[in-house]
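Hi there,

Here is the structure I promised to pass on to you. Have a look at it first, and then read my notes below.

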Amino acid sequence: MFKRLLGKPKQETNALETLDKLNETLEMLEKKESVLLKKAAAEVGKAKEFTRAKNKRAAIQCLKRKRLYEQQVEQLGNFQLRIHDQMILLEGAKATTETVDALRTGAAAMKAMQKATNIDDVDKTMDEINEQTENMKMIQEALSTPIGSAADIDDDELEAELEELEEAELEEQLLQPATTAPSAPIHAPAGRQQVRPAAQHSKTEEDELAALQAEMAL
């Protein structure tokens, strides 16, 4: 494992160095190609001059050298194409290697976690959780159970007593006298108004007061 971890940076460094070397070679070939193209163009110019001077032999020699330069340019183009292909393959291989290493690292981490987490330990933990839950339910039920005098009280009897109280309250409401509207005053003819004795009027007020107190007591 340590050998693989120590060898990975070196392998990655070698890949980077190879890509740098290919880039340098590609730049060198491009420079040579540029030089050869300039030489070929120069030979064309010389051939034109010799043609104007009626020196056919010299003009043909210039065209031959131009053709040789063009062949070298074509060869350099093929070299560049191969280097481009090599760089693409190397970059793809580098990406593939990095992907495989990442997957291998993930698989190792997953294996380590699975090794640290035993299925028997998981089952044991779940059993302990269920047991603790059941114990807590039993404790809560025990605490909510009435004890002492409260345990002897019957809920059905309490409900029946409550119904009797509600019925008694309803009967009292029905037996209360309804409030009567005040009667309209009777107008006696002038000169014949009825004069009530003062004692009778005082007694009537006392009766109304007593009736009011009785209603308030209810």
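**A partly exposed glutamate and its partner**

With a relative accessibility of 34%, E70 counts as partly exposed. Please keep in mind that this is a predicted model. E70 forms a salt bridge with K66, and their closest N and O atoms are 2.5 Å apart. Both residues sit in helix α2, and because they are four residues apart there, about one helical turn separates them. As a general point, side chains of opposite charge can pair when their charged atoms come close.

**Other salt bridges**

How many salt bridges does the structure hold? There are four, and two others that I looked at also lie in α2. One of them joins E98 to K94, with 2.6 Å between the closest N and O atoms. E98 and K94 are four residues apart in the helix, so about one helical turn lies between them. E98 is partly exposed at 37% relative accessible area, and K94 is partly exposed at 21%.

The other one brings together the side chains of R104 and D101, at 2.8 Å from N to O. Here the spacing in α2 is three residues, which again means a separation of about one helical turn. Is D101 buried or exposed? D101 counts as buried because its relative accessibility is 12%, and the cut-off for buried is under 20%. R104, at 36%, counts as partly exposed.

**The chain as a whole**

Stepping back, the chain has five helices and zero strands, so you can read its pattern as α-α-α-α-α. Of its 218 residues, 10% are buried. The chain exposes about 19400 Å², and carbon and sulfur atoms supply 57% of that area. Among contacts between residues at least 6 apart in sequence, 77% join residues at least 24 apart.

Helix α2 has 61 residues and reaches 90 Å from its first C-alpha to its last, close to the 90 Å expected at 1.5 Å a residue.

**Where the nonpolar residues gather**

In soluble globular proteins, nonpolar side chains tend to be buried together. In this model, the largest nonpolar core has 12 residues, including L19, L22, L26, Y69, V73 and M87. The elements that give two or more residues to this core are α1 (2-52) and α2 (56-116). To see one part of the core, find M87: leaving out residues up to four places away in sequence, M87 touches L19, L22, N23 and L26.

Q80 is also worth finding, in helix α2. Q80 is buried, with a relative accessible area of 10%. Setting aside its neighbours within four places in sequence, Q80 is in contact with L26, L29, E30 and E33.

Which residues form a nonpolar patch on the surface? They are I119, V122, M126 and I129, with about 340 Å² of accessible area together. I119 lies in helix α3 (residues 119-144) and counts as exposed at 54% relative accessibility.

**One loop residue to find**

Finally, look at K54, in the loop between α1 and α2. Its phi is near 65°, a positive value in a residue other than glycine. K54 counts as exposed, at 76% relative accessibility.

Enjoy exploring, and write back with any questions!

Best wishes

Terms used:
Residues numbered from 1 in each chain as written. Predicted model: local features only at pLDDT ≥ 70, side-chain atom pairs only at ≥ 80, totals over all residues. Heavy atoms only, no water. Core = buried A, V, L, I, M, F, W, Y, C linked by side-chain atoms within 4.5 Å. Buried < 20%, exposed > 50% of the residue type's maximum accessible area, 1.4 Å probe, protein only. Contact = heavy atoms within 4.5 Å. Patch = residues over 30% accessible without salt bridge, like charges linked within 9 Å, V, L, I, M, F, W, Y side chains within 5 Å. Areas by Shrake-Rupley, 256 points an atom, 1.4 Å probe, with all protein chains shown as cover. Expected span 1.5 Å × (residues − 1).
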